[in-house]
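Okay, thanks everyone. I'll put the sequence and the model up, and then walk you through a few spots on it.

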Amino acid sequence: MISPYTIPFVGLKLGQHLFDFAIDKTFFESLPYSLVEDGKLVVKLNLEKKETMLVASFEVKGFVSVACARCNEEMSQKIKGDLTVYYVFGDEESEDENLIVIPRESYEIDVQQSIYEMITLALPLRAAHKKNECNEEMVQLIEKYMSNQDSKDEEDNIDPRWAALKNLN
């Protein structure tokens, strides 16, 4: 079965071609070890076909479901991002993550991995609910156990050479 993210470029004329992709839960389920489990996103792809290469300019907008960093509850995170990938024809490997070398006999490209990478790069480093939207019960539980663990760790990790300084007062 052909993936909906596979683009046959052989029949395309030189110039720019526009493609739209609707990204939802099925997209993320098809990827093993995905950081995102669900979302409603729109990806716009401007594919420019040239004699010796293809230039794919991606833009993504929408919402993904991620776990809140404070209370660990599911939350909807708005994301927006872009990515440009260059597909060149050749046989050698590329060190550049935005340059993909495809064999000369290729007739299609699969953009699913590029779309996924763009989405994950658009995620914030720390996704959290707005103030007062977190599950307060969960936040209190986490703080209770984290504060107990922190104080135990501090006592256990004190260098004995510095422990003598506590008695100076």
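Quick definition before I start: two strands count as paired if DSSP finds at least two bridges between them. And keep in mind that what you see is a predicted model.

Let's begin with strand S3, residues 38–49. S3 and strand S4, residues 53–67, run antiparallel and are joined by 12 bridges. The two make a hairpin, with three residues between them. If you want one pair to look for, Lys44 has Glu59 in S4 as its bridge partner.

S3 has a partner in strand S2 as well, residues 15–23: nine bridges there, again antiparallel. On that side, Ala22 sits opposite Val42 of S3.

Now, which side chains of S3 are buried, and which are not? In a regular strand, side chains alternate between the two faces of the sheet. S3 shows that alternation: Gly39, Leu41, Val43, Leu45, Leu47 and Lys49 point to one face and are buried. Asp38, Lys40, Val42, Lys44, Asn46 and Glu48 point to the other face and are not buried. Yes, there's a lysine on the buried list, Lys49.

Next, a couple of backbone oddities. Most residues other than glycine have a negative phi. Tyr33 has a positive one, near 60°, and it isn't a glycine. You'll find Tyr33 in the loop between helix H1 (25–29) and S3. Tyr33 counts as exposed because its relative accessibility is 81%, and the cut-off is over 50%.

Asn72 is another non-glycine with positive phi, about 65°. Asn72 lies in the loop between S4 and strand S5 (74–89). Is Asn72 buried or exposed? Exposed, at 58% relative accessible area.

Last stop, the surface. There's a patch of negative charge made by Asp91, Glu92, Glu93, Glu95 and Glu105. Glu105 comes from the loop between strand S6 (99–102) and strand S7 (108–110), and with a relative accessible area of 64% it is exposed.

There's also a nonpolar patch on the surface: Met138, Leu141, Ile142, Tyr145 and Met146, with about 450 Å² of accessible area together. Tyr145 is in helix H3, residues 136–156. Its relative accessible area is 51%, so Tyr145 makes the exposed class, which needs over 50%.

That's my tour, so over to you for questions.

Key
Residues numbered from 1 in each chain as written. Predicted model: local features only at pLDDT ≥ 70, side-chain atom pairs only at ≥ 80, totals over all residues. Heavy atoms only, no water. Patch = residues over 30% accessible without salt bridge, like charges linked within 9 Å, V, L, I, M, F, W, Y side chains within 5 Å. Areas by Shrake-Rupley, 256 points an atom, 1.4 Å probe, with all protein chains shown as cover. Salt bridge = Lys/Arg side-chain N within 4 Å of Asp/Glu carboxyl O. Lys, Arg positive; Asp, Glu negative; His and termini not counted. Charge placed at Lys NZ, Arg CZ, Asp CG, Glu CD. Helix = DSSP H or I, 4+ residues; strand = E, 2+ residues; numbered from the N terminus. Buried < 20%, exposed > 50% of the residue type's maximum accessible area, 1.4 Å probe, protein only.
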